[in-house]
Amino acid sequence: QRSADNGVTWANSPLANTANTLALNGVASNGSVIVAGGNGALSKTTDGVTWTAISLPRPTDMRTGGLFFIGAVEYINGQFVIVGGYNNSETQAFNQGAFVATSPDTVTWTLQPLALPDGFFNKIDIAGKDNDLLILHQNQAVQKMIISHDKGQTWTITDSTLNGGFNNTITIGADGKYY
């Protein structure tokens, strides 16, 4: 849905890719707005009325018919950043992987694998500032923070210092700190 009056009233705004309606896992904007569906579908708009499907490349080792999932999308450091995962089987838990995809324009995408602990994830989110990107990752067994100090070119996985668990959301406050 979209609002043209600062949230007072709302109108339906059908997406270009109806698969997006299965799950909404993120919205990001730099003037263009992209909406990420949990099943890997992306749509883009500049006016909230007309939507265009975005084609996100799949990981090279992903099989046809495998499950593809977008966990979060943000506009950070002059680029759209998507973090997600995939499973090469619809029935078995094997060959799972995660990825980060970046694009300055929603047309050209760079996709790189992430070596997450224990493969897939239950919760994942991304935030960043300056050249830094921070991913929160959680699955049944572990919680990790995955950090990049070069706009996502290289990544370091660290143990989470969060005691117990975390929600699947991270943001940057007005004070420049992560919350």
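Biologist: Which residues does Leu111 touch, not counting residues up to four places away in sequence?

Modeller: Happy to start there, and please keep in mind that this is a predicted model. Leu111 is found in strand S8, which covers residues 110-114. Leaving out residues up to four places away in sequence, the residues that Leu111 touches are Pro57, Arg58, Pro59, Phe99, Val100 and Ala101.

Biologist: What separates the C-alpha atoms of Leu111 and Phe99?

Modeller: Phe99 is one of the residues that Leu111 touches. Along the chain, Leu111 and Phe99 are twelve residues apart. Their C-alpha atoms are separated by 6.7 Å.

Biologist: Does Leu111 count as buried or partly exposed?

Modeller: Buried would require a relative accessible area under 20%, and exposed one over 50%. Leu111 has 25% relative accessibility, so Leu111 counts as partly exposed.

Biologist: Which residues have the most contacts inside the largest nonpolar core?

Modeller: The largest nonpolar core has 16 residues. Strands S2 (33-37), S5 (67-76), S6 (79-87) and S7 (96-103) each supply at least two residues of this core. Those with the most contacts inside the core are Leu42, Leu56, Phe68, Ile70, Ile82, Phe99 and Trp109.

Biologist: How many residues are in the second, separate core?

Modeller: This second core is separate from the largest one. Its members include Val81, Val100, Leu133 and Ile146. The number of residues in this second core is 13.

Biologist: Why is the aromatic pair of Tyr75 and Phe80 described as stacked, tilted or edge-to-face?

Modeller: The structure holds one aromatic pair. The ring centres of Tyr75 and Phe80 are 4.9 Å apart, with 65 degrees between the planes. Planes over 60 degrees apart count as edge-to-face, so the pair of Tyr75 and Phe80 is edge-to-face.

Biologist: Which residue of that pair counts as buried?

Modeller: Tyr75 has a relative accessible area of 30%, so Tyr75 is partly exposed. At 1% relative accessibility, the one that counts as buried is Phe80.

Biologist: Which strands stand at the edges of the open sheet of four strands?

Modeller: The order in this sheet is S9-S10-S11-S12, with antiparallel pairing. An edge strand here has a single partner strand, so one of its sides is left without a neighbour in the sheet. The strands at the edges are S9 (123-129) and S12 (156-159).

Biologist: Which residue in S12 is the bridge partner of Lys144?

Modeller: Strand S11 (residues 143-148) runs antiparallel to S12, and four bridges join them. In S12, the bridge partner of Lys144 is Asp159.

Note on methods: Residues are numbered from 1 along each chain as its sequence is written. This is a predicted model: local features need pLDDT of at least 70, side-chain atom pairs count only at pLDDT 80 or more; totals for chains, interfaces and linings use all residues. Side-chain values use heavy atoms; hydrogens and water are left out. Rings of Phe, Tyr and Trp (its six-membered ring) pair if their centres lie within 6.5 Å; planes under 30 degrees apart count as stacked, over 60 as edge-to-face and the rest as tilted. Buried means under 20% relative accessible area, exposed over 50%, partly exposed in between (1.4 Å probe, protein chains only). A nonpolar core is a set of buried Ala, Val, Leu, Ile, Met, Phe, Trp, Tyr and Cys residues joined through side-chain atoms within 4.5 Å. Two strands pair if DSSP finds at least two bridges between them. Contact means heavy atoms within 4.5 Å.
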